[in-house]
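Please open the model in your viewer and keep the selection panel at hand. The stops below proceed by residue number and by secondary-structure element.

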Amino acid sequence: MSFFGKIDFNELSETDRAIYHFMSSNSDKIPYMRVRDIAKESHTSASSVMRFIRKIGYESFTEFRTQFKVPTTDQEDLLAGKEALERQHFPKNIEATIWQIAEKILESENIIFFGMGASGSMCDYAARRFATVGCNSFALTDPTYPISGKLFNTTDNVFITLSITGMTTEIVEVVNGFRNRGDYTIVAITGDVNSTLAQMSDHVLSYQTTVKRIHHYEDLTTQIPAVFLIESLAEAVYRLTKKESH
């Protein structure tokens, strides 16, 4: 094992060999252990462990421990979400669509972010983000809320719906009540460009993702692409706002 350097076993004492055998058999544990832990497990002393480490060419236990590679399989799996932002997971014209929607938002009185479940949580985040850049925005997460009454006598509203599948019955029913109305622009942020929601919308910001569920109904699908699109759209609105102010 390379982290032990070139060892002359003839120069090792019985104590050294006990430490060596423990370390070589438990290399996956070493990065998480202290000197006294190794001493205890190898039935030696902390001073013996340090003498062994210096004997094989290391100045400190910290230097020696860094030679042990921490298993990374689980960590790499946890970071797999970054792949959700790879360019091929979005339509080729995604930037043009974002700018088009951003221009429409600047002309609007209200921006409504609508979604349920995990997508509903994203709506709260989106509404706050757009309020920060100067938009009159709010989140709608209850499909039974009388949104039409709230927006009575308003014009130029942008209704942005978040839904991974774009097929949720309640979502589709609510959006259907606003389609083909001149005072509403319907935008869908969805993982399925061919979904019912997408087909009902004036503009679609789509992405590719794999739906992940546990216990059949509990959703663990990543929301990273939706957050990315929300932030990109907010950034476009912010830039247009700055451009108009100059």
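**A guided tour by selection**

Select arginine 181 and aspartate 183: their side chains form a salt bridge, with an N to O distance of 3.7 Å. The model is a predicted one. Arginine 181 is partly exposed, at 31% relative accessibility, and aspartate 183 is likewise partly exposed, at 22%. The structure holds 6 salt bridges, and two further examples appear on this tour.

**The open sheet**

Next, display the strands as a cartoon. An open sheet of 5 strands appears in the order E2-E1-E3-E4-E5, and the pairing is parallel. Which strands stand at the edges? They are E2 (137-140) and E5 (203-206); each has a single partner strand, so one side of each lacks a neighbour in the sheet. On average, neighbouring strands of this sheet are turned by 20° against each other, direction ignored.

Now restrict the view to E1 (residues 110-114) and E3 (residues 157-163), which run parallel and are joined by 5 bridges. Within this pair, select phenylalanine 113, which stands opposite isoleucine 160 in E3.

Add helix H6 (residues 94-106) to the selection. H6 lies across E1, E3, E4 (184-190) and E5, and runs at about 130° to E5.

**The largest nonpolar core**

Keep Phe113 and Ile160 selected and add Ile105, Phe130, Leu162, Ile189 and Leu233. These are the residues with the most contacts inside the largest nonpolar core, which has 30 residues. At least two residues of this core come from each of H6, E1, H7 (117-132), E3, E4 and H11 (224-245). Which element gives the most to this core? H11 does, with 8 residues. In soluble globular proteins, nonpolar side chains tend to be buried together.

Centre the view on isoleucine 189. Leaving aside residues up to four places away in sequence, isoleucine 189 touches Ile160, Thr161, Leu162 and Ser163, as well as Leu205, Tyr207, Ala226, Leu229 and Ile230.

A second core, separate from this one, has 18 residues, including Val35, Ile53, Tyr58 and Phe61.

**Along helix H11**

Return to H11 and select arginine 239 with glutamate 235. Their side chains meet in a salt bridge of 2.9 Å, N to O. The two residues are 4 apart in helix H11, and therefore separated by about one helical turn. Glutamate 235 counts as partly exposed, at 35% relative accessibility.

**Helices H1 and H3**

Finally, move to H1 and H3, whose axes come within 10 Å and cross at roughly 80°. H1 is therefore roughly perpendicular to H3. To view the contact, select Thr15, Asp16, Ile19, Tyr20 and Met23 in H1 together with Ser48, Val49, Phe52, Ile53 and Lys55 in H3, where the two groups meet. Ile53 also belongs to the second core.

Within this contact, isolate lysine 55 and aspartate 16, whose side chains meet in a salt bridge of 2.5 Å, N to O. This pair links distant parts of the chain, 39 residues apart: lysine 55 lies in H3 (residues 46-55) and aspartate 16 in H1 (residues 14-25). Is aspartate 16 buried or exposed? Aspartate 16 counts as buried, at 5% relative accessibility, whereas lysine 55 is partly exposed, with a relative accessible area of 44%. Side chains of opposite charge can pair when their charged atoms come close.

Technical notes
Residues are numbered from 1 along each chain as its sequence is written. This is a predicted model: local features need pLDDT of at least 70, side-chain atom pairs count only at pLDDT 80 or more; totals for chains, interfaces and linings use all residues. Side-chain values use heavy atoms; hydrogens and water are left out. Two strands pair if DSSP finds at least two bridges between them. Axes are lines fitted to C-alpha atoms, for helices over the stretch in contact, and angles run from 0 to 180 degrees between N-to-C directions. Contact means heavy atoms within 4.5 Å. A nonpolar core is a set of buried Ala, Val, Leu, Ile, Met, Phe, Trp, Tyr and Cys residues joined through side-chain atoms within 4.5 Å. Buried means under 20% relative accessible area, exposed over 50%, partly exposed in between (1.4 Å probe, protein chains only). A salt bridge is a side-chain nitrogen of Lys or Arg within 4 Å of a carboxyl oxygen of Asp or Glu. Angles under 35 degrees count as roughly parallel, over 145 as roughly antiparallel, 65 to 115 as roughly perpendicular and the rest as oblique.
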